[in-house]
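Me: Could you take a close look at one loop residue for me, and then at how the interior of the chain is put together? I'd like the cut-offs spelled out as you go.

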Amino acid sequence: MEHKKTYNAMEVKHKNGDLVIEGPIPGIELANLEFHNDLIAFRPPEQQHKALIEIADLPEGRILIVRDMNKIVGYVTYLYPDPLERWSKGKMENLIELGAIEVIPKFRGGGVGKALLEVSMMDDAMEDYIIITTEYYWHWDLKGTKLNVWEYRKVMEKMMNAGGLEYYATDDPEISSHPANCLMARIGKRVDQESIQQFDSLRFMNRFMY
C-alpha cells in the first residue's frame, strides 16, 4: 500500500495567541523546531520529540503539530498499532492508530485539539484507512483539568468526533477493564468490505471463548 501524505494547514486564533496547525510534517522539519517543556503526557519532552521525529519518517507515520511561532505546543500521531496489541494481529496495511494527542495546558480549550483532528482528515488519503484510537483513563490529565473520568471521557469523545471517529464496542481486556475506557474509529470511504470484516473480527476476538 502506498502511504500518500498531503500537507494541510489551518490558523487558529486562541485567547493566548495565534497558532498554526499543520502536517503531516517530515522528521527533518520536526527536528528543527523547539519542543515545549510542558508536553509531558507520555514521556519526558526530549524523548517525545525524538519519538515524533522517528514516527514522522515511518512510511505510514504521520505527525501533525500545533505551532506557536517556532515551537511545537501540541501534536497528534498516526502510525501502525503496537505489535503487542491485538490491533496489529490482522497485519492490516490500511489500519492505523491515532496513538497520541497532546496540547500544552496554556492552549487547551478553544478548539485546538478538534482543529488538529480536522486538519488530519483534510488529507484525502485518510479515506483509504481505518483509523482507530484506544482511550485509557490512566493517560488523562484528570489532576490538571480537575475533571472526573466521565467528564474527561465526554471531552475526548467530542474531540474525536471532530475527526469523524465514533465509539465502537470491543471485548479487548484492557479497554473492558474500566467503563470509561473506549475504542473509537473512523472507517474511510474507500475502505473495502473485507477490511471492515477483518476489523470487526479484531474487535471481538473472545466471542468463541464462552
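Reply: Asn16 sits in the loop that links strand S1 (8-14) to strand S2 (17-23); strands here are DSSP runs of E with at least two residues, helices are runs of H or I with at least four, and both are numbered from the N terminus. This is a predicted model, in which local features need pLDDT of at least 70 and side-chain atom pairs count only at pLDDT 80 or more, while totals for chains, interfaces and linings use all residues. Residues are numbered from 1 along each chain as its sequence is written, and side-chain values use heavy atoms, leaving out hydrogens and water.

With a relative accessible area of 36%, Asn16 is partly exposed (buried is under 20%, exposed over 50%, partly exposed in between, using a 1.4 Å probe and protein chains only). Not counting residues up to four places away in sequence, Asn16 touches Lys106 and Phe107, contact meaning heavy atoms within 4.5 Å. A polar atom of the Asn16 side chain lies 2.6 Å from the backbone oxygen of Lys106. Gly110 is 94 residues away along the chain, yet its C-alpha is 9.7 Å from that of Asn16.

Now the interior. The largest nonpolar core has 47 residues, and Tyr78, Ile101 and Ile131 have the most contacts inside it; such a core is a set of buried Ala, Val, Leu, Ile, Met, Phe, Trp, Tyr and Cys residues joined through side-chain atoms within 4.5 Å. S5 gives the largest share, six residues.

Definitions and conventions: A polar contact is a pair of N or O atoms within 3.5 Å; within protein, one must be able to donate a hydrogen and the other to accept it, and residues adjacent in sequence count only if both atoms are side-chain atoms.
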